[in-house]
Amino acid sequence: MAARVLDLVTELLDEAEAGGCAAGAVGVAVPGIVEEAAGRVVLSANLGWRDLDLAALLAERTELPIAIGHDVRAGGLAESVLGAGRHCRDLLFLPIGTGIAGAMILDGRPYAAGGYAGEIGHLRVEPDGRPCRCGGGGCLERYASAAAIAGAYAARAGEPVTAAEVAARVAAGDPVAVAVWGEAVEALAVALGAYATVCAPELVIVGGGLAGSGELLLEPLRAALSARLTFQRVPRIVRAELGDRAGLLGAALLARAGAGAP
Ligand SMILES: [Zn+2]
């Protein structure tokens with residue numbers, strides 16, 4: 001798999017050069033536990049990588065400055081510089097898809113903590129709740145991820161559907177869909193309430209597949225979060241602007257910074 005990434009980067013560099021635009025640096029965003037500063041992938045379960053010195057491999061192949069980022073943090077960086085968070089210094093980027101991740105931007109900078117920060121999908125929102133793949137239980141992503149929403153609906157209605165279909169049924173007033181959706185919103189409000197209390201973001205940017213449901217999700221989420229908070233700063237909750245390109249653009253921003261550009 002690493003060999004394929006090296007080949008792909010070489011191809012893209014050749015393509016750029018053929019197009020009259022020689023690249024000055026390379027940025028790659030990787031899912032998993034990533035030590036950005038060291039350019040090292042500690043663990044990427046999806047890719048089957050462990051302790052991979054990806055920056056060194058790429059530097060050897062390309063002889064260019066290399067920046068390695070984490071996919072979600074890179075996406076959060078892009079949203080904070082180029083997308084919905086352009087004017088904010090403290091924000092949370094929250095992609096909701098098969099799982100739930102978080103990229104924390106604190107005082108204008110992505111916060112990584114050695115690659116371990118931002119795992120808001122594994123905040124416990126339900127004591128003695130559903131078991132989670134992380135080894136814990138009651139985690140946010142077991143209630144509010146697209147996979148969890150689809151699974152909860154299927155378990156109650158006896159019919160396999162996607163989260164997008166559940167959303168359509170919420171809009172149509174299907175009571176099972178409305179109940180499942182309400183539980184997801186409440187779970188998100190519990191987790192964001194904890195985040196708002198500790199980190200006080202000005203803005204929460206919801207991304208990932210579930211953001212496609214737009215105000216159907218965001219409007220009740222704003223209400224549920226406001227109802228939970230008392231003295232804390234209530235963050236604005238908006239939809240991500242960059243879609244699937246956020247990670248790519250974030251990797252490019254990291255490469256640009258690594259190459260010494262302003
Ligand atoms: Zn978990």
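Visitor: Which residues line the second largest pocket, and what makes a residue count as lining?

Guide: Glu-36, Gly-69, His-70, Arg-73, Ala-74, Leu-77, Pro-110, Ala-112, Leu-253, Leu-254 and Ala-257 line the second largest pocket; each is listed because a lining residue has an atom within 4 Å of a point of the pocket, on a 1 Å grid over the protein atoms alone. This is a predicted model, in which local features need pLDDT of at least 70 and side-chain atom pairs count only at pLDDT 80 or more, whereas totals for chains, interfaces and linings use all residues. Residues are numbered from 1 along each chain as its sequence is written, and side-chain values use heavy atoms, with hydrogens and water left out.

Visitor: Why is this called a pocket and not a cavity, and what is its volume?

Guide: A cavity is a set of points where a 1.4 Å probe fits but cannot get out, while a pocket is an open set with protein on both sides within 12 Å along at least five of seven lines. The volume of the second largest pocket is about 190 Å³, understood as the space filled by probe spheres set on the points, which are joined across faces, edges and corners. Strand E5 (66-70), helix H3 (71-82) and helix H9 (246-258) are the elements that give two or more residues to its lining, where helices (H or I, at least four residues) and strands (E, at least two) are DSSP runs numbered from the N terminus.

Visitor: How do the lining residues divide into nonpolar, polar and charged?

Guide: The lining has 7 nonpolar, 2 polar and 2 charged residues; the rule counts Ala, Val, Leu, Ile, Met, Phe, Trp, Tyr, Cys and Pro as nonpolar, Asp, Glu, Lys and Arg as charged, and the others, Gly among them, as polar.

Visitor: What makes E2, E3 and E4 a sheet, and is the pairing parallel or antiparallel?

Guide: Two strands pair if DSSP finds at least two bridges between them. E2 and E3 pair in the antiparallel sense over 3 bridges, and 3 bridges also join strand E3 (residues 40-44) to E4, again antiparallel, so both pairs satisfy the rule of at least two. The result is an open sheet of 3 strands in the order E2-E3-E4. Strand E2 (33-35) and strand E4 (49-52) stand at the edges with a single partner strand each, so one side of each is left without a neighbour in the sheet. Among the bridge partners, Glu-35 is matched with Arg-40 in E3, Leu-43 stands opposite Arg-50 in E4, and Ser-44 stands opposite Trp-49 in E4.

Visitor: Which glycines take a positive phi in the hairpins of E2 and E3 and of E3 and E4?

Guide: Gly-39 has a positive phi near 70° in the hairpin of E2 and E3, with 4 residues between the strands; Gly-48 has one near 75° in the hairpin of E3 and E4, which also has 4 residues between the strands.

Visitor: What is the strand order of the sheet that holds E8 and E10, and what kind of pairing does it have?

Guide: Its 5 strands follow the order E8-E7-E6-E9-E10, in an open sheet with mixed pairing. The edge strands, each pairing on one side only, are strand E8 (109-111) and strand E10 (236-239). Strand E7 (residues 103-106) is antiparallel to E8 over 3 bridges, and Met-104 has Tyr-111 in E8 as its bridge partner. Asp-107, in the loop between E7 and E8, has a positive phi near 50° although it is a residue other than glycine.

Visitor: How are the domains divided, and how many residues are in contact between domain 1 and domain 2?

Guide: The division gives domain 1 (2-73 + 245-258) and domain 2 (87-240), with bounds that come from an automatic or database domain assignment. Taken over C-alpha atoms, their centres are 29 Å apart. Contact means heavy atoms within 4.5 Å, and 6 residues of domain 1 are in contact with 11 residues of domain 2.
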